[in-house]
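Q: I would like to learn how to read a model like this one. Where should I begin?

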Amino acid sequence: MQNREQWGSKLGFILAASGSAVGIGNIWKFPHMAGQNGGAAFTLVYLLCILVVGLTIVVAELAIGRSTQLSPVGAFEKLAPKTNWKWVGFLGVASAFVILSFYGVVGGWILKYIFVSLTGGFDSLSNDPEAAKSLFVTFTGSTWSPILFQVLFMALCVYVIVNGVKDGIESWSKIMMPIIIILLVVLAVRGLTLEGGIDGLKFLFLPRFEDLNASAIVLALGHSFFTLSLGMGTMITYGSYLNREQNLLNSALWVLALDTAIAMLAGVAIFTTVFALGADPAGGAGLIFFILPSVFPQLAYGSIWGTLFFSLLFMAALTSAISILEVVTAYFIDQKGWSRKKATIQFGVVITIVGVFCSLSLGGGVNITGYFGGTFHHFFGETFFDVMDNLSSKYMLPIGGMFTAIFILMKWTVPSFINEIGQTIIGKEKDASLVSVLCGTAAIVVGFIILNEIIAKVTGNAIIG
Ligand code: PHE
């Protein structure tokens, strides 16, 4: 235990934790979800979810990690010995496998798009989203090329983690996070200075409440878990490399602020550009992969803008992917006594193999859903890629987050939690009630949303949505 790795500095930790939070979720998912769900109205609900539920669970996870100096399974076992709480930790490790399998595939696509843009490959797509779509669909649906890029992305991930917490994760985050912020600011300013770009701002920040429906609220809540890397023990693991000197609340607020600011900046950069060039803001999941490649070539120095955009997206994806793999690595180090190198390489390979099936499920000549005699396909009605995505963000992360809140309330207890935070928030007596209300709200709201999803899946009719 005394040899446990530690972050090198407070700034390093904040950049690593916000590096985990800032990822494909902020730059790809958030803008297209906002685009399809009424823009600013969605943004507002999302911010509310982040502040109430997100903040509570970030602090809870960091506190659990720091107090035990262990990754999720060991942490729950230490605070609640000989109980079933350790299963919440196992759920986290399982979520890491599920998320990273498809996340690595998307990471590969991003890598590929850096090369396409750099070599002027977007030029022929100018103002032609259909052509951009067909490039994307042909690429993701082919067999080997996406796998090659996915393997490259996963290999980078393994490389960073093998180098350790301070020399790998922290030092890479310290380089990449500032670059991400600078590039996004540059792209946002570029978008804002385009004629008509301001309309993109209105779309993102002027709420039209008539556009806000119940399913958007469900989506915003689920996304707040994904974007803050909550519910699978990432923050428990990162918190376990902290010492008692670090101010938990202050660090959590930094992570929240950076994650939110970057999602907003990405929204500004994307929507100002999209509006200025008259493209479709509600382009859905294709916003990044087909709308933008058809928009960039219309700008002066388009391939440079395109390359910068996909490079920043790549860095954001990498700093998140390493935090997911670190949960698995830390489990095998803490609980099984493996070396960092062995754990990372072995499970990096296993996750890559699962990811290959995600990639192949999008076409690739081998539609694995077919191997289950159609049952698998029929049951979920989705590709394996979508199954992994939905399973994690709609069920596993919210369930993990809900149990974390319940754990604080019913097992670890609010006073022990507050003691670990180590500071007064609104006054000694009031703190316990505040924390109980926040954890209770998080558990109830998230529990309801999960139930809603399950009922919708089983009966076809949601309670709301
Ligand atoms: N927060 C990351 C993103 O927004 C994704 C992630 C989820 C990372 C869960 C770690 C754990 O892309």
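**Reading pockets, cores and cavities**

A: Begin with the character of the largest pocket: its lining residues divide into 18 nonpolar, 12 polar and five charged. Keep in mind that this is a predicted model.

Q: What is the volume of the largest pocket, and which residues lie nearest its centre?
A: Rolling a probe the size of a water molecule over the atoms shows where empty space is left. Here the largest pocket holds about 840 Å³ of space. Its lining has 35 residues, and H32, A285, D386, D389 and N390 lie nearest the centre.

Q: Which elements give two or more residues to the lining of the largest pocket, and which gives the largest share?
A: Helices α2 (24-36), α6 (129-141), α10 (214-227), α13 (286-295), α17 (384-412) and α19 (428-459) each give two or more. The largest share comes from α17, with seven residues.

Q: How confident is the predictor in the chain, and where is confidence lowest?
A: Mean pLDDT over the chain is 90, and 95% of the residues reach 70 or more. The lowest confidence is in helix α16 (residues 375-380), with a mean of 43, while helix α11 (residues 234-239) has the highest, at 98. The pLDDT is below 50 over residues 372-379, a stretch that has seven contacts in the model beyond near neighbours in sequence.

Q: Which members of the largest nonpolar core touch the most other members?
A: That core has 157 residues, and I288, F289, F309 and F310 touch the most other members. Helix α14 (residues 302-336) gives the most to this core, 19 residues. Take I288 as a case: leaving out residues up to four places away in sequence, I288 touches I27, W28, I270, P293, F309, F310 and L313. Two of the residues named for the core, F309 and F310, are thus among the contacts of I288.

Q: How many cavities of 30 Å³ or more does the structure hold, and what lines the largest cavity?
A: There are four cavities of 30 Å³ or more. The largest cavity has a volume of about 130 Å³. It is lined by 17 residues, with S20, Y103, F226, S229 and I324 closest to its centre. Two or more lining residues come from each of α1 (10-21), α2, α5 (86-118), α10 and α14. Helix α14 gives the largest share, three residues. By type, the lining of the largest cavity divides into nine nonpolar, eight polar and no charged residues.

Q: Where does T234 sit, and is T234 buried or exposed?
A: T234 belongs to helix α11. Its relative accessible area is 1%, which is under the 20% cut-off, so T234 counts as buried. Outside its neighbours within four places in sequence, T234 is in contact with S20, E61, S229, S323 and V327.

Q: What is the sign of phi at S229, and where is S229 found?
A: Most residues other than glycine have a negative phi. S229 has a positive phi of about 55°, although it is not a glycine. S229 is in the loop between α10 and α11. With a relative accessible area of 11%, S229 is buried.

Q: What is phi at Q69, and is Q69 buried or exposed?
A: Phi of Q69 is near 55°, a positive value in a residue other than glycine. Q69 lies in the loop between α3 (40-68) and α4 (72-79). Q69 counts as buried because its relative accessibility, 18%, is under 20%.

Technical notes
Residues numbered from 1 in each chain as written. Predicted model: local features only at pLDDT ≥ 70, side-chain atom pairs only at ≥ 80, totals over all residues. Heavy atoms only, no water. pLDDT = per-residue confidence, 0-100. Helix = DSSP H or I, 4+ residues; strand = E, 2+ residues; numbered from the N terminus. Contact = heavy atoms within 4.5 Å. 1 Å grid on protein atoms, 1.4 Å probe; cavity = no way out; pocket = protein on both sides within 12 Å on 5 of 7 lines; lining within 4 Å. Points joined across faces, edges and corners; volume = space filled by probe spheres on them. Nonpolar A, V, L, I, M, F, W, Y, C, P; charged D, E, K, R; others polar. Core = buried A, V, L, I, M, F, W, Y, C linked by side-chain atoms within 4.5 Å. Buried < 20%, exposed > 50% of the residue type's maximum accessible area, 1.4 Å probe, protein only.
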